[in-house]
Amino acid sequence: MTTPFTRPDLQATENEPEWIRGIVLEKYEHCSFCHSKLVFNHDLNISYLQVIETSRCPGCGVTFNPKKFTLQ
């Protein structure tokens, strides 16, 4: 049984960044309800230097909250 306070072995977690990256990408690109691939739409707002990203699931029709990214 592992607890949040135990530290994993360094040799066992040597390939962990690639493994975590795969989980994060799968969570980001797939619907959490039906696990189909999301369709992304990007709107550019040049006056505020922002990109607004909206995602929609073609399988179940759920639209997720838009995310705002600031350009530099």
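What follows is a short working chat about a predicted model of one protein chain.

Colleague: What helices and strands are there in the protein chain?

Modeller: The model is predicted, and its protein chain has one helix and three strands.

Colleague: Which way do the elements run from the N terminus on?

Modeller: The order is α-β-β-β, so to read it in words, the helix leads and the strands follow.

Colleague: And the sheet, what order do the strands have?

Modeller: The order is β1-β2-β3 in an open sheet, and the pairing is antiparallel.

Colleague: Which strands stand at the edges?

Modeller: Those are β1, residues 39-45, and β3, residues 67-70. Each has a single partner strand, so one side of each has no neighbour in the sheet.

Colleague: What does the twist average from one strand to the next?

Modeller: The average is 25°.

Colleague: How many bridges join β2 to β3?

Modeller: Four, with β2 covering residues 50-56 and the two strands running antiparallel.

Colleague: Which residue in β3 does V51 stand opposite?

Modeller: V51 faces F69 there.

Colleague: Changing topic: how many of the residues count as buried?

Modeller: Of the 72 residues in the protein chain, 10% are buried, where buried means under 20% relative accessible area.

Colleague: What area does the protein chain expose?

Modeller: About 6,600 Å², with 57% of that supplied by carbon and sulfur atoms.

Colleague: Last one, on contacts between residues at least 6 apart in sequence: what share joins residues at least 24 apart?

Modeller: In the protein chain, 18% of those contacts do.

Methods. Residues numbered from 1 in each chain as written. Predicted model: local features only at pLDDT ≥ 70, side-chain atom pairs only at ≥ 80, totals over all residues. Heavy atoms only, no water. Buried < 20%, exposed > 50% of the residue type's maximum accessible area, 1.4 Å probe, protein only. Contact = heavy atoms within 4.5 Å. Areas by Shrake-Rupley, 256 points an atom, 1.4 Å probe, with all protein chains shown as cover. Pairing = 2+ DSSP bridges. Axes fitted to C-alpha atoms, helices over the stretch in contact; angles between N-to-C directions.
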